Amino acid sequence: MPAHDTHLWRPYTQMKGAAPPLEAVRTHGTRIVLADGRELVDGIASWWTAVHGYNHPHIAAAVASQLAAMPHVMFGGLTHAPAETLARRLAALAPGDLDHVFFTDSGSVAVEVALKMAVQLWLNRGVTGRTRLLAFREGYHGDTLGAMAVCDPEEGMHRRFGAYLPTQIFCDLPRSRAATADLDATLARHAHALAAVIVEPLVQGAGGMRMHPPEVLATVARLARRHGLPLILDEIFTGFGRTGTLFACEQAEVVPDILCLSKALTGGTLALAATLATREVFEGFWSDDPAAALMHGPTFMANPLACAAANASLDLFAREPRLAQARAIGERLADGLAPLRGQPGIRDVRVLGAIGVVQFAAAPDLAALKARLIRRGTWVRPFGDILYLTPALTIGTADLDHLVASLCAVVRDPAGQDP
């Protein structure tokens with residue numbers, strides 16, 4: 001047995017031969033301070049969560065106050081004001097009549113709950129056999145069993161689990177007339193077996209930051225309605241301002257039956273997720289039969305600390321110009337990254353809201369690329385064939401320009417001759 005120098009098992013990492021991780025000791029604004037004193041400008045807001053930057057005093061004060069009063073209480077048979085308030089506020093902010101909120105701990109579990117809602121909804125209506133989902137190629141919905149099953153089955157990070165996962169139905173996004181016709185025909189052919197359609201609106205995030213216009217989402221929604229299928233929107237990445245509107249689906253004027261939220265919900269402070277459902281979906285579980293209840297209940301569901309953080313985060317969206325900031329970031333990213341279009345080895349440069357993506361013609365040496373960016377004082381996490389920025393919506397001009405300049409420098413210098 002080889003000797004191992006750590007008890008930690010890190011995410012998405014081949015531990016054998018892995019470079020040691022950088023030790024973070026402090027955060028402030030949009031920066032991460034390392035144990036050796038270096039500061040890195042965070043270009044991805046800690047996996048898209050820290051939309052208000054780090055250590056926002058309003059969120060910190062709300063969490064401290066809640067910690068002193070009640071850090072946690074089980075949600076089975078009990079309730080508390082932070083969860084009641086947060087559910088009411090989310091229902092008011094969400095489009096349409098997404099009036100009912102089920103809290104969980106992570107985005108993957110929010111998706112699991114959405115899938116279970118869709119399947120059990122049919123069972124509660126007395127319809128059997130509708131247990132499959134229609135999802136889209138190049139999509140990503142999480143790391144748990146059900147969520148993995150609706151991720152891209154061929155190119156996604158979970159393809160090794162193919163034999164273990166439930167078999168779902170996949171189509172290309174309807175970007176063309178032919179793809180639209182194929183989606184329509186597939187829904188018609190499998191409607192008797194389908195429980196719902198699930199899609200990431202406007203941006204397929206961890207599947208490669210692939211963007212599509214609002215018209216594509218509107219087409220998905222229209223075809224789901226035509227075939228009588230609930231629509232699940234996974235806004236775990238896109239929710240809370242990332243695309244320039246509070247929810248990405250607003251840009252297509254689409255109201256889903258079920259909406260999944262997480263990531264930026266607490267401003268990047270504590271783990272929390274939410275699955276919102278319309279009145280019609282909720283009423284499918286309203287019954288005198290105990291077996292018709294939604295069969296899910298995380299131990300830390302609606303944790304009061306996390307709910308307090310989320311309420312404070314929503315305060316900031318209400319009183320500070322986050323959506324305008326997201327759009328301004330997008331304009332600066334578009335200008336700053338535009339010169340990379342046509343650069344040798346670059347397939348595409350694309351921007352939507354506060355998301356900027358540089359796609360290589362072939363996957364680069366990711367470890368070397370990341371190391372070069374760190375030497376430039378920049379923290380990002382390139383994956384596959386892309387290098388991307390999703391900074392805090394509060395990022396200052398100097399730090400944003402630093403991020404753009406770092407990306408441009410490493411892309412223009414593929415040989416890695418850093419100063």
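# Report on a predicted two-domain chain

Q120 is buried, because its relative accessible area is 11%; buried means under 20% relative accessible area, exposed means over 50%, and partly exposed lies in between (1.4 Å probe, protein chains only). This is a predicted model, in which local features need pLDDT of at least 70 and side-chain atom pairs count only at pLDDT 80 or more, while totals for chains, interfaces and linings use all residues. Residues are numbered from 1 along each chain as its sequence is written, and side-chain values use heavy atoms, with hydrogens and water left out.

## The surroundings of Q120

Q120 belongs to helix α4 (residues 107–124). Helices (H or I, at least four residues) and strands (E, at least two) are DSSP runs, numbered from the N terminus. Contact means heavy atoms within 4.5 Å. With neighbours within four places in sequence left aside, Q120 is in contact with F285, A291, A292, A293, L294 and M295. The side chain of Q120 also reaches the backbone oxygen of A292 at 3.3 Å. A polar contact is a pair of N or O atoms within 3.5 Å; within protein, one must be able to donate a hydrogen and the other to accept it, and residues adjacent in sequence count only if both atoms are side-chain atoms.

## Positions listed in the record

In an unreviewed entry, UniProt lists W47, Y140, K263, G297 and R381 under "binding site". These positions span 335 residues in sequence, and their farthest two C-alpha atoms are 32.8 Å apart, so they do not all gather at one spot. The unreviewed UniProt entry also places the feature "modified residue: N6-(pyridoxal phosphate)lysine" at K263. UniProt positions are given in the numbering used here, feature names are shortened, and annotations may be inferred rather than shown by experiment.

The table gives the location and accessibility of some of these residues.

| Residue | Location | Relative accessible area |
|---|---|---|
| W47 | helix α1 (residues 45–48) | 34%, partly exposed |
| K263 | loop between β11 (258–261) and β12 (273–277) | 25%, partly exposed |
| R381 | loop between β15 (378–379) and β16 (386–389) | 25%, partly exposed |

Which residues does W47 touch, not counting residues up to four places away in sequence? They are P11, Y12, K263, R381 and Y388. On the same basis, R381 touches P11, Y12, I44, W47, K370 and Y388. K263, leaving aside its neighbours within four places in sequence, is in contact with W47, W48, T49, I236, F237 and G268.

## Positive phi values

Most residues other than glycine have a negative phi. Y12, which touches W47, has a positive phi near 50° and is not a glycine. Y12 is placed in the segment before β1 (24–28) and is partly exposed at 46% relative accessibility. L202 is not a glycine either, and its phi is positive at about 75°. L202 lies in the loop between β7 (194–199) and β8 (203–204). Is L202 buried or exposed? At 1% relative accessibility, L202 counts as buried.

## Helix α11

Helix α11 covers residues 366–375, and its buried residues are L369, R372, L373 and I374. What covers these buried residues includes β3 (39–42), β14 (355–360), β15, β16 and α12 (397–412). At the start of α11, a side-chain oxygen of D365 reaches to within 3.3 Å of the backbone nitrogen of A367. After α11 comes G377, with a positive phi near 75°.

## The two domains

The chain is divided into domain 1 (57–319) and domain 2 (321–412), with bounds that come from an automatic or database domain assignment. Taken over C-alpha atoms, the centres of the two domains are separated by 28 Å. In domain 1, 19 residues are in contact with 18 residues of domain 2.

The size of an interface is often given as the accessible area lost when the parts come together. Between domain 1 and domain 2, the buried area (the accessible area, 1.4 Å probe, that two parts lose on being put together, summed over both) is about 1,400 Å², and carbon and sulfur atoms give 68% of that area. In domain 1, M209, M211 and R242 lose the most area to domain 2, together 44% of what that side buries.

Six residue pairs are in polar contact across this interface, both residues at pLDDT 80 or more. On the side of domain 1 that touches domain 2, β9 (210–211) and α9 (304–319) each supply at least two residues. The largest share of that side, three residues, comes from α9. The rule finds zero salt bridges across the interface of domain 1 and domain 2, where a salt bridge is a side-chain nitrogen of Lys or Arg within 4 Å of a carboxyl oxygen of Asp or Glu.
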